[in-house]
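Reader: I should like a close look at a single part of this model. Please describe it in one connected account.

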Amino acid sequence: MLKFAQTCDAIAATTKKLEKTALVTDLLKVTPLDDAATAAIFLSGRPFPAYEEATLQVGGALLWRVIEDLSGKTEEELSQIYRRHGDIGSVAAEALPAKSESGLSLAEVRRVFSQIAAVRGPAAKAALLRAILERATPLEAKYIVKIISGDLRIGLKESLVEDAIARAFEAPLAAVKRANMLLGDIGETLRLAAEGKLAEAKLRLFHAIDFMLASPVESADEALSYFHNPAVEDKYDGIRAQVHVGKGEVRIFSRTRDDITDSFPELPAALATLPNDAILDGEIIAWSPASAPSTQDRALPFSKLQQRLGRKKVTPKLMHDIPVAYLIFDVLYADGEMLLDRPLSERTNILNTLLTSITNHVAVQTLSSQAHFGFALPEPAPATVLRAPVATANSADEIEALFTAARERGNEGLMIKDLDSLYTPGRRGKSWLKMKRELATLDVVVTAVEYGHGKRIGVLSDYTFAVWNGEALVNIGKAYSGLTDSEIAEMTQWFLAHTISDQGLRLEVEPKIVLEVAFNNMMRSTRHESGYALRFPRIVRLRPDKLPQDADTIDTVKKIYAKEHAV
Ligand code: AMP
């Protein structure tokens, strides 16, 4: 563990990517295989491989308490150290008592992480955490704490770890990346690289893989500048869901690769009739089934679906009041074959064939004169499963017409997809484009919160938020909540449990919560460290489906500013 921590410090000390990669390469080369695999996982900032569902459930407040306890320092002394470093791992390094050696191994740390994940309740977790931090040297503690908080902050992306594995074991980088993408386990990837078996990496049913992402476009013309003859679908305002079906079992994974099957108890039954092993990509939306033959089924806004999300128990009443539909638009694996490397046009055909075999019923939905297919389960169905209708468009005018129609149906806009493109997990390329509402919004990360006034006294309702500038979050604005009272109450609880430093009225909080904010326009300003400020910022909604790293960057801010101020 000591060598690992020393290497992390050395990596943090250089800004040069090549030097960082060389340091990781050397570490992986000299470390025995099992430990090297663990080091690779830790270096990517995780306590467990990405695909594993285990989570530590150790928040900043708990870490803070244990460090306070072990160091004997006061809250104020620790806050001062925190303000100097802005990182709780560095607080541990500075505050904990010196020790020359611990003999702690990477395997032990990994074992303790598993134990922490397995026990329930903060007291039991704190006891395990305390025991390991008590043994660790301050430098080791620094990185144990950083891994627990999910961010090493040494300027090391997972892609650099992949690069180092390729170098350490003389394997092609593309093969390393591919194996890691399929397995969701950089440790196992390292093992295969060491054994020269990267080609054996297989996509595993019931282990979510990253989703393909889309880039924003401002206009139909811009979309057509990237490719011609696109597939065009409505952009539904729900949550992205990857469905794995096999051997009579169905599991649903969110964009953050969490298993969300329990949130949609009615969906597995509707999907279990698929005959083959399959991995599907689509969107779960709140759905208003047609009440009479003359009326149309339609997707409801996200706010409706949100009423179901985050509920511990989904009651039959909730399922009845807010029905859902799964709109499928892609297939990643079917009938034993991985389809990521097939162009969208082929995947579309495979998906259509697959869905015709949903038992009993096939209904064709018409989107427009260019529409293709839609398949629905019989009514009354416990949940609706549909093939998202696809249209083709050859001109900007056709795309604009589809956009207007999508908006009239209550959807967010369009997804415009290159029929020749392969499925590239985790990448935001120009093969999938999203054309959304006219007004720009930003996805931002909450960095600090304040108690409100008037009827909001006693609840944390004023949020300071930031966008990414490289590895750092830079504040760009502050909004008084546009959230509902119950959301604010829930967020208040969360923020109190994840406070990094308490400055009385204002709390600095762990940068984990993503919000979508709207605003009237953008100005240059020295008020916030980003150099920009938003006029009339308001919170559109919480984005629990997004990770902090999915938030927008300063480049997007600059782009919006340039567009608004173009003469
Ligand atoms: P955004 O969340 O603004 O980055 O937009 C991308 C998201 O749109 C995806 O991650 C999906 O959750 C969602 N989406 C809605 N409809 C579609 C569709 N037809 N194809 C792909 N993604 C869609």
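In what order do the five strands of the open sheet stand, and is the pairing mixed or uniform?

Author: This is a predicted model, in which local features need pLDDT of at least 70 and side-chain atom pairs count only at pLDDT 80 or more, while totals for chains, interfaces and linings use all residues. Residues are numbered from 1 along each chain as its sequence is written, and side-chain values use heavy atoms, with hydrogens and water left out.

The five strands form an open sheet in the order 1-12-11-2-10, with mixed pairing. Strand 1 (213-216) and strand 10 (391-392) stand at the edges with a single partner strand each, so one side of each has no neighbour in the sheet. Helices (H or I, at least four residues) and strands (E, at least two) are DSSP runs, numbered from the N terminus; two strands pair if DSSP finds at least two bridges between them.

At one edge, strand 2 (residues 231-235) pairs with strand 10 in the antiparallel sense over two bridges, and alanine 231 stands opposite threonine 392 of strand 10.

Before strand 1, the loop that follows helix 12 (186-194) holds aspartate 210. Aspartate 210 is partly exposed, with a relative accessible area of 32%; the term covers values between buried (under 20%) and exposed (over 50%), with a 1.4 Å probe and protein chains only. Leaving aside neighbours within four places in sequence, aspartate 210 is in contact (heavy atoms within 4.5 Å) with Gln242, Arg257, Tyr423, Pro425 and Gly426. Serine 254 is 44 residues from aspartate 210 in sequence and 9.7 Å away in space, C-alpha to C-alpha.
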